[in-house]
Amino acid sequence: MLKVAGLKAGYGRTQVLFGIDLEVRAGEIVTIIGANGAGKTSTLRSISGLTQVYAGEIEFKGRPIRGLPPEEITRLGLAHCPEGRQILQRLTVEENLLAGYLPGRGRSFDEIRTEVYDMFPILRERRHSLASRMSGGQQQMLAIGRSLMATPELLMLDEPSLGLAPKIINQIFEIIIGLSKSGISLIVVEQNAAVALEIADYAYVIDAGRCSVEGGAHNVLNDPDLKAAYLGA
Ligand SMILES: Nc1ncnc2c1ncn2[C@@H]1O[C@H](COP(=O)(O)OP(=O)(O)OP(=O)(O)O)[C@@H](O)[C@H]1O
């Protein structure tokens, strides 16, 4: 579904990615883990056209997408739920969903909104509330719901557990498993490596802008060296 090869990217003259290779197969949950500042967010932003790519190939469903505008990439079926959620705080829940809707994917706003509300009943209940009134967990659900408004085939989630209580993190990860079961392929970037590795099929560890390790998520989870480095064991 997604193939990234030799990705080099950065901010102006500051290069932060030095040759990332990764793949996502249809139906998989792939996790990207690594220390603070390793380049996880920059990797996602490069894929979705938000960060400057210096070199490398990015293919989505067999089509090169490097250099396409972000909206075009989303329209092809690749959505990005950003770090920090980026909810429009002064708009209502429903207005935030409308902001995520992309006409031209063959489905109406009402149709997808109903699906999102069925998945997140709390969003239906609070559809006329200001987003700023929602809890952290509810805002994360709204951020995911807004991404789903673009009917993605591949959804990239950046730090979905950030700042949430453990009970809520479990709920969010249950939702991610549900999305996967519904047929959406996923990339999950996480600081919370142990939780992400539990649900993922495949994992990449990024270290200083390079993929240092990759493998089946359970192998990575049980690797003693990685446990010491990333899982606090
Ligand atoms: N807008 C920017 N301008 C310049 N440098 C940036 C910018 N955004 C990120 N960086 C730098 O790029 C490097 C990689 O950052 P990135 O956010 O991709 O890492 P990360 O692994 O996602 O870390 P975190 O978990 O802290 O978000 C860091 O050195 C960071 O300081």
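This is a walk through the structure shown above, from its overall build to some of its smaller details.

Keep in mind from the start that this is a predicted model. Begin with the whole chain. Its secondary structure comes to 10 helices and 10 strands. The C-alpha atoms fill a box of roughly 45 × 40 × 30 Å along the principal axes. How does that fit with a compact globule? For 233 residues, a compact globule would have a radius of gyration near 17 Å, and the chain has 17 Å, so the two agree. Buried residues account for 39% of the 233 residues. The contacts also tell us how the chain comes back to itself: among those between residues at least 6 apart in sequence, 66% join residues at least 24 apart.

Now turn to the beginning of the chain, where you can find an open sheet of four strands. Its order is β2-β1-β4-β5, with antiparallel pairing. The edges of this sheet are β2 and β5 (63-64), each of which pairs on one side only. As general background, strands of a sheet pair through backbone hydrogen bonds, either parallel or antiparallel. Here, strand β1 (residues 2-11) and β2 are joined in the antiparallel sense over eight bridges. To see one of the partnerships, look for Leu2, whose bridge partner in β2 is Val24. The hairpin of β1 and β2 has two residues between the strands, and in it Gly12 takes a positive phi near 60°.

From the hairpin, it is a natural step to the ligand. Which residues come nearest to the ligand? Of the 13 residues around it, the answer is Tyr11, Val16, Lys40, Thr41 and Ser42. Both β2 (14-24) and α1 (40-47) supply at least two residues each to the shell. The largest share, three residues, comes from α1. In character, the shell divides into three nonpolar, eight polar and two charged residues.

Helix α1 deserves a closer look of its own. Is α1 mostly covered or mostly open? Seven of its eight residues are buried, so to speak of it as mostly covered is fair. The buried ones are Lys40, Ser42, Thr43, Leu44, Arg45, Ser46 and Ile47. Following α1 comes Gly49, with a positive phi near 85°.

Next, find strand β8 (residues 185-190). Six of its six residues are buried, so the strand is largely enclosed by the rest of the structure. Its side chains can be followed in two directions: Ser185, Ile187 and Val189 point one way, while Leu186, Val188 and Glu190 point the other way, and all are buried. β8 has parallel partners as well. Strand β3 (residues 29-33) runs parallel to β8 and is joined to it by five bridges, with Thr31 standing opposite Val188. Strand β7 is likewise parallel to β8 and joined to it by five bridges; there, Met156 stands opposite Ile187.

A few backbone angles are worth pausing over. In general, most residues other than glycine have a negative phi. Thr151 is not a glycine, yet it has a positive phi of about 45°. You can find Thr151 in the loop between α6 (136-148) and β7 (154-158). Thr151 has 19 other C-beta atoms within 10 Å, and because a residue needs 20 or more to be buried, it counts as partly exposed. Glu159 also has a positive phi, near 55°, in a residue other than glycine. Its place is in the loop between β7 and α7. With 22 C-beta neighbours inside 10 Å, Glu159 counts as buried.

That loop leads on to helix α7 (residues 166-181). At 1.5 Å a residue, its 16 residues should span 22 Å, and its end C-alpha atoms are 23 Å apart, which agrees. Gly183 follows α7 and has a positive phi near 105°.

The last stop is Asp201, in the loop between α8 (193-199) and β9 (202-207). It is partly exposed, with 17 other C-beta atoms within 10 Å. Leaving aside neighbours within four places in sequence, Asp201 is in contact with Glu28, Ile29, Val30 and Ala217. Asp201 and Asn219 are 18 residues apart in sequence, and their C-alpha atoms are 10.0 Å apart in space.

Technical notes: Residues numbered from 1 in each chain as written. Predicted model: local features only at pLDDT ≥ 70, side-chain atom pairs only at ≥ 80, totals over all residues. Expected span 1.5 Å × (residues − 1). Rg over C-alpha atoms; globule rule 2.2 N^0.38 Å. Buried ≥ 20, exposed ≤ 12 C-beta atoms within 10 Å, placed from the backbone. Contact = placed C-beta atoms within 7 Å. Near = placed C-beta within 6 Å. Nonpolar A, V, L, I, M, F, W, Y, C, P; charged D, E, K, R; others polar. Pairing = 2+ DSSP bridges.
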